[in-house]
Structure formats: structure tokens, C-alpha cells
Amino acid sequence: MFEKLENRYFFTGKLVLENEMHIGSGKGDGTTDALVVKDFNEKPFIPGSSVRGVLRSTIERIAASLGKNPCLLESDNCVTNSRDVLQKEFKKLLEKKNKAQIDAFLNNDSKICSVCRLFGSTVVASKIRITDLLLEEEKAEPSVRHGVAINRDTETAQDKAKFDFEVVPKESSFSFELIGENLTDDDLALLAVGIQEMMDGNFWLGGNTARGLGRCKLKGLAIKYFKGADGLKQYLTDKTLTSMPVKDFLNSIKSLVREEARYAQEDIE
Ligand SMILES: [Zn+2]
């Protein structure tokens, strides 16, 4: 899209495994059925898309409970699922290239849900990117766990179906970087909900999470940003960024919760 760059936020830290983790590569070798994903140095890594998926579903669940209408079930209030009406309307706006009208559409809660606004969908661009998370240590030798392949239809163990899978050892640490652009206060608040869950360790990646595998925690979070034309110029010329205290960022969650309280009040009146 032709959207202007209003601001950019850099969230960095490290994601530390509280337990072993299995993110499958879809491949096996002669001895192990499921190997973990590895980078070109043969070191395990975490695809940014994996973190992004879990972060999105974490935020969706909580946003739904706060009445912020994720669009998974209701199709009438989000352009992503409302094929006939809202998608046609949005397409027309894009053709006209009227920025004010497009902005108004994208900021209207009855046209697009808050989660699609942040993470994007097949219809709208995402505001955030998560870089692949590389291992910080020199190496982390994966080990092999033995499981049993479960027949999904009968939910019983299949005959002779022993299933070996590789895991990355606990306490392995991966570099985390999330970049957000053109974030509004609402976007930041929603993101804070998900990031706080990561910091609290309510975050599981990969397979076998029902058995506790893949639990991880975000540590050492730092937030830096620039905003406005002047901020952009300074960033371009000497990489100047402003720091945002993590406490202030997490405090933005209160605005979401208060908003919810206000809506509830209006419902009563
Ligand atoms: Zn949506």
C-alpha cells in the first residue's frame, strides 16, 4: 500500500525455553521420525511465523473475552470475513486512493476487527513483522524423545507406531525481534496483552504443548521507536531512537480494560 510511515517500534529481547521444545521441520532421518527446524548452520531456530501465530491466537482469545470482536466467528464486523459488503467497499476505497477515507475505514471497529488491523489478513496488510529467532548460544544439541503415534480417529495408540522426535533443550535462548509500523495506541495496547503473556511464560511453541513442551518466556524486553516526520529524519540520518519504558507499554493494557468497562456501562444504560 502507499501508506505513509508514521512510526516504527522495535521490540527486542530473548525468548528462553522453560522446557524442551519441538518445532518440526517436516523431515526425519534414518533414526528419528521428526527433526526440529534448523538454520543453514545446522542450529535449531524458531521461525518468526510460529511466534507470530501463537501471539495472534493469544491476543485473539483475550480480545474476544474483552469484547474486542475478533472475526473468527462473526463475519459482519470485519472486512476479512465479510466478503460481499465490506470487501467491496474497501476495494472501492483503494481504487480511489483517498487516504482519509481508507484511514477512516481501517480505524472503524465495525469495518475491521482490532486483531486483523494489527496482524493483517488476506485483505489488509499486517503492521507487524517477527524476525526468525536465532539461537544465541554457540550450539544446543537436540536430543530425542520417544512418543507413541496416536491414531486420531480412534484416539488409541497405533500398532507398533513408536514415534521419535527431536527436541531443543530447555534453557536454550533465542533472539527475539518484533517490528511494528504505524501502530496506534489501540494496537500497542493489544500487543501489550500478548507480550505480557510471553513475559509471564504463558506461551507455548511447537508440538506436544499439551504435555508441557515448548513453554517459553520473553526476557530482557527493550522497546525503541521513532515517530513523526522529524523522528524519521533523525532515524535516517543518525539512527536516533527513543526508548519506551516497558512499564509504560504494559500500562497501556489498562486502557483496553477500562474501555471494556465503559462499554459494559453503556450496555446497562
Ligand atoms: Zn478480523
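These exercises look at charged side chains and cysteines in the structure above.

This is a predicted model, where local features need pLDDT of at least 70, side-chain atom pairs count only at pLDDT 80 or more, and totals for chains, interfaces and linings use all residues. Residues are numbered from 1 along each chain as its sequence is written, and side-chain values use heavy atoms, with hydrogens and water left out.

**Exercise 1. How many salt bridges does a search of the whole structure find?**

Solution.
- Start with the principle: side chains of opposite charge can pair when their charged atoms come close.
- Apply the cut-off: a side-chain nitrogen of Lys or Arg lies within 4 Å of a carboxyl oxygen of Asp or Glu.
- The search of the whole structure gives 9 salt bridges.

**Exercise 2. Which residue forms a salt bridge with Lys99 at 4.0 Å, and where do the two sit?**

Solution.
- The partner is Glu6, with the closest N and O atoms 4.0 Å apart.
- Lys99 is in helix H3 (residues 99-106), while Glu6 is in the segment before strand E1 (7-17). The pair is 93 residues apart and links distant parts of the chain.
- Helices (H or I, at least four residues) and strands (E, at least two) are DSSP runs, numbered from the N terminus.
- Now check exposure. Buried means under 20% relative accessible area, exposed over 50%, and partly exposed in between (1.4 Å probe, protein chains only).
- Lys99 counts as partly exposed, at 28%. Glu6 is partly exposed too, at 37%.
- Add Asp103: Glu6, Lys99 and Asp103 are linked in a network of salt bridges.

**Exercise 3. Why are Glu60 and Arg56 separated by about one helical turn?**

Solution.
- The side chains of Glu60 and Arg56 meet in a salt bridge, 3.2 Å from N to O.
- Both are in helix H1 (residues 48-65). They are 4 residues apart there, so about one helical turn separates them.
- Is Glu60 buried or exposed? Glu60 counts as buried, because its relative accessibility is 14%.

**Exercise 4. Find the partner of Glu89 and place both residues.**

Solution.
- Glu89 forms a salt bridge with Lys111, and the closest N and O atoms are 2.9 Å apart.
- Glu89 is in helix H2, and Lys111 is in the loop between H3 and helix H4 (114-119). They are 22 residues apart.
- Glu89 has a relative accessible area of 30%, so it is partly exposed.

**Exercise 5. How many disulfides does a search of the whole structure find?**

Solution.
- A disulfide is a covalent bond between the sulfur atoms of two cysteines.
- The cut-off is a pair of cysteine sulfur atoms within 2.5 Å.
- The search finds 0 disulfides.
- Look at two cysteines: Cys78 counts as buried at 0% relative accessibility, and Cys216 counts as buried at 0%.
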